[in-house]
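User: I've got this one open on my screen and want to go through the strands, the core and the confidence. Can you walk me through it?

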Amino acid sequence: MQTQDLLDFALSDKKINYEVFIDIIYVINLNMWKLSVSFKREDL
Amino acid sequence: MLSTSICGNCQYHLKGKIYDYRDGEIIIGTSVLVYSLSDSSYKKPFEPFDKRVYTYLNATISNLNGDFIIDNIRTQNFNLLIGIIGYEKLLIKNIMFCEKDTIDLGNIYLFKHSSIAGLNEYYPGDLEKIREAKITEFTFLYPPKGKSLKMKFEDNIVKIDFNEFLSR
């Protein structure tokens with residue numbers, strides 16, 4: 001499943017199974033990681 | 001096009017402090033490498049990272065307080081690679097000294113290898129353990145701004161608490 005699909009699921013009220021939830025957790029985590037790096041670069 | 005400019009008489013300085021992203025502890029002994037990209041590689045902006053030619057200029061490690069200082073940098077723009085075993089490497093490209101001769105990078109956060117931020121007890125490649133334990137609540141931490149985001153799996157629906165993330 002694509003990252004955007006997973007994020008759409010996270011923001012909707014659609015019912016999903018636990019496996020998909022864990023996939024969402026994983027991509028959110030990656031997104032936070034990128035967010036942190038870009039913050040530091042903006043900070044230069 | 002960017003090019004590396006060497007200044008014979010100029011000396012630039014770089015400093016910062018290195019932390020673990022997850023627990024906020026300082027990290028001692030982190031390698032901090034300053035290098036310039038060769039002129040030939042600047043002419044090939046889409047060349048794969050590992051094919052490029054770099055010149056190492058200076059290096060240090062973070063001290064007992066997690067601080068590092070690099071003096072005697074003689075090029076006005078450079079790249080920085082920060083890394084230590086067990087953590088993801090952090091690459092910062094095209095840092096440039098402009099009016100000031102010192103750059104303070106401030107607090108730099110490194111991520112443990114293959115770790116999910118905000119998990120207290122599990123690290124994935126431990127995704128399997130997380131599945132087995134059926135963990136249904138996660139808190140993501142965002143230390144640079146002191147924010148957090150909570151996600152919960154309830155009745156087969158994802159519930160997200162943005163309040164702490166959005167609040168000032």
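Analyst: Sure. One definition to start: two strands count as paired if DSSP finds at least two bridges between them. Also keep in mind that this is a predicted model.

User: In which sense do β5 and β6 of chain B pair, and over how many bridges?

Analyst: The strands are β5 (residues 77–83) and β6 (residues 90–96), both in chain B. Pairing takes at least two bridges. These two strands run antiparallel, and the bridge count is five.

User: Which residue between those strands takes a positive phi?

Analyst: The hairpin of β5(B) and β6(B) has six residues between the strands. One of them has a positive phi near 95 degrees, and that's Gly86(B).

User: Is Leu81(B) buried or exposed, or something in between?

Analyst: Leu81(B) sits in strand β5 of chain B, and Leu91(B) in β6(B) is its bridge partner. Leaving out residues up to four places away in sequence, Leu81(B) touches Leu33(B), Tyr35(B), Lys89(B) and Leu91(B). Buried takes 20 or more other C-beta atoms within 10 Å, and exposed takes 12 or fewer. Leu81(B) has 17, so the call is partly exposed.

User: How far apart are the C-alpha atoms of Leu81(B) and Val34(B)?

Analyst: Along the chain, these two residues are 47 residues apart. In space, their C-alpha atoms are separated by 6.6 Å.

User: Which strands are at the edges of the open sheet in chain B?

Analyst: The sheet has three strands in the order β4-β1-β7, with mixed pairing. β1 (residues 12–20) runs antiparallel to β4(B), joined by five bridges, and Tyr12(B) has Ile73(B) as its bridge partner in β4(B). An edge strand here pairs on one side only, which fits β4 (67–73) and β7 (102–110).

User: Which residues have the most contacts inside the largest nonpolar core?

Analyst: That core has 16 residues, and β1, β2 (31–37), β4, β5 and β7 of chain B each supply at least two of them. Ile82(B), for one, touches residues including Ile18(B), Val32(B), Ile108(B) and Leu110(B). The residues with the most contacts inside the core are Ile70(B), Ile73(B), Ile82(B) and Leu110(B).

User: Over which residues of chain A is the pLDDT below 50?

Analyst: Chain A has a mean pLDDT of 68, with 64% of its residues at 70 or more. Where pLDDT is low, the predicted coordinates shouldn't be read in detail. The stretch below 50 has eleven contacts in the model beyond near neighbours in sequence, and it covers residues 34–44 of chain A.

Technical notes:
Residues are numbered from 1 along each chain as its sequence is written. Chains are lettered from A and ligands numbered from 1 in the order in which they are written. This is a predicted model: local features need pLDDT of at least 70, side-chain atom pairs count only at pLDDT 80 or more; totals for chains, interfaces and linings use all residues. Helices (H or I, at least four residues) and strands (E, at least two) are DSSP runs, numbered from the N terminus. pLDDT is the predictor's confidence in each residue, from 0 to 100. Two residues are in contact if their C-beta atoms, placed from the backbone, lie within 7 Å. A nonpolar core is a set of buried Ala, Val, Leu, Ile, Met, Phe, Trp, Tyr and Cys residues joined through C-beta atoms within 7 Å.
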